[in-house]
Amino acid sequence: TGYNIAVVGATGAVGTRIIKMLEETSLPIASIKLLASQRSVGKTLEYNGQKLKVQEALPSSFEGVDLAFFSAGGSVSKKLAPEAIRRGAVVVDNTSAFRMDPSVPLVVPEVNEQALYKHQGLVANPNCSTIQMVVALEPLRKEFGLKKVIVTTMQAVSGAGNRAIKELYSETKAVLNQQEYKPEILPVTNAPEHYQIAFNPLAQIDVFEDGGYTHEEWKMIHETKKIMENEQIQVTATCVRVPVPISHSESVWFELEKSGATVAKLQQILQNAPGVILRDDPVHQVFPQALEATGQKETYVGRIRADGEQQNAFHLYCVADNLLKGAAWNSVQIAESLDKLGLLCVPNR
Ligand code: A2P
């Protein structure tokens with residue numbers, strides 16, 4: 001006995017990690033179905049040493065499925081998530097398709113697990129950059145309140161999928177060998193212009209929207225308020241793609257509502273916070289690094305400093321594996337929470 005699970009986008013950067021997280025989960029699993037596009041039919045992927053065939057994702061794929069993880073892009077989620085729910089599956093969606101829908105819980109279990117009680121068959125996994133930031137800030141918010149956040153991200157290329165990782169490697173090699181290389185993926189797959197990411201950070205993630213902000217920056221702003229259930233928190237973001245394969249790094253400036261916080265107190269809170277590993281020891285040259293966070297489920301936090309000029313304001317630096325805590329692990333963790341709370345079923349069906 002256990003859940004019948006489907007992974008949509010199983011061949012992708014996130015999908016393959018979801019399979020790995022399902023190998024490590026405490027969730028009872030009866031079966032796993034791997035779904036992707038028609039292009040992947042015939043491919044096999046391993047789950048717990050078993051070779052499983054990849055199948056084409058179709059509405060009928062969800063017959064008998066209890067739990068479906070979606071990570072194949074927003075358009076696939078929009079089309080197939082309702083089909084999965086209609087057939088009785090609870091969907092954990094990793095795309096931005098439903099995140100800001102008021103009827104859809106947007107969940108980071110360390111922060112707002114209780115929001116799961118409102119689900120109507122679908123739970124959204126937040127944007128990778130938002131997740132690690134709220135994991136670091138929520139314990140501080142609980143104690144001191146949060147007034148304002150200014151974040152600058154340094155995001156890994158894997159956030160744009162497997163093809164973007166390949167582009168970083170091939171392009172880096174080409175540049176080192178003084179060969180021509182034509183970028184085709186970054187910064188945004190379908191944008192008219194593509195730019196070199198090798199040795200060249202790009203201050204564009206996703207498309208440009210209102211006010212000169214990118215969609216990624218708006219996601220961080222809106223999702224943070226929704227997850228923390230507080231529209232009053234002032235959030236602004238600059239999102240930058242950097243030539244790193246995996247793990248996002250973020251420089252976060254924040255202003256607390258209450259006074260009385262000290263660096264030592266904030267360090268102590270984060271030392272004991274769920275999902276956080278504190279790496280903050282400048283004397284011994286200890287601070288979070290992408291290489292250390294990659295492959296781990298936790299958010300690494302360090303460089304905690306007081307703003308020298310402004311009261312109740314501080315800096316921190318956080319790093320997490322964007323494919324794990326930013327995506328696959330947070331999704332599987334949501335499913336574990338749903339199971340624990342007895343919510344792994346579609347209400348009123
Ligand atoms: P496929 O490998 O068959 O193209 P990434 O984020 O690494 O680019 O991965 C995207 C994932 O989404 C892949 O597993 C990809 O499958 C899947 N995918 C893309 N388009 C579709 C589609 N139309 N239907 C189902 N899965 C899709």
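**Exercise 1.** In this predicted model, classify aspartate 206 as buried, partly exposed or exposed.

*Solution.* Take the relative accessibility of aspartate 206: 22%. Buried means under 20%, exposed over 50%, and partly exposed lies in between. Aspartate 206 therefore counts as partly exposed. Now place the residue. Aspartate 206 sits in the loop between α5 and α6. Its backbone deserves a look too. Phi of aspartate 206 is positive, about 70°, although the residue is not a glycine. Most residues other than glycine have a negative phi.

**Exercise 2.** Do the same for glutamate 229: buried or exposed?

*Solution.* Glutamate 229 has 58% relative accessibility. The cut-off for exposed is over 50%. So glutamate 229 counts as exposed. It lies in the loop between α6 and β9 (234–241). Its phi is positive as well, about 50°.

**Exercise 3.** Check the span of helix α5 against the value expected at 1.5 Å a residue.

*Solution.* Helix α5 covers residues 162–176. It has 15 residues. The expected span is 1.5 Å times one less than that number, so α5 should span 21 Å. Its end C-alpha atoms are 22 Å apart, which agrees.

**Exercise 4.** Which residues of α5 are buried, and how does arginine 163 count?

*Solution.* The buried residues are Ala164, Ile165, Glu167, Leu168, Glu171 and Ala174. Arginine 163 also lies in α5. At 56% relative accessibility, arginine 163 counts as exposed. Arg163 gathers with Arg39, Lys43 and Lys166 in a patch of positive charge on the surface.

**Exercise 5.** What kind of peptide bond joins leucine 186 and proline 187?

*Solution.* Read omega: about 5°. The bond is cis. Proline 187 is in the loop between α5 and α6 (215–227).

Terms used. Residues are numbered from 1 along each chain as its sequence is written. This is a predicted model: local features need pLDDT of at least 70, side-chain atom pairs count only at pLDDT 80 or more; totals for chains, interfaces and linings use all residues. Side-chain values use heavy atoms; hydrogens and water are left out. Patches are made of residues with over 30% relative accessible area and no salt bridge: like charges are joined within 9 Å, nonpolar side chains (Val, Leu, Ile, Met, Phe, Trp, Tyr) within 5 Å. Accessible areas come from the Shrake-Rupley method with a 1.4 Å probe; for residues, only the protein chains shown count as cover. A salt bridge is a side-chain nitrogen of Lys or Arg within 4 Å of a carboxyl oxygen of Asp or Glu. Lys and Arg count as positive and Asp and Glu as negative; His and the chain ends are not counted. The place of a charge is taken as NZ of Lys, CZ of Arg, CG of Asp or CD of Glu. Helices (H or I, at least four residues) and strands (E, at least two) are DSSP runs, numbered from the N terminus. Buried means under 20% relative accessible area, exposed over 50%, partly exposed in between (1.4 Å probe, protein chains only).
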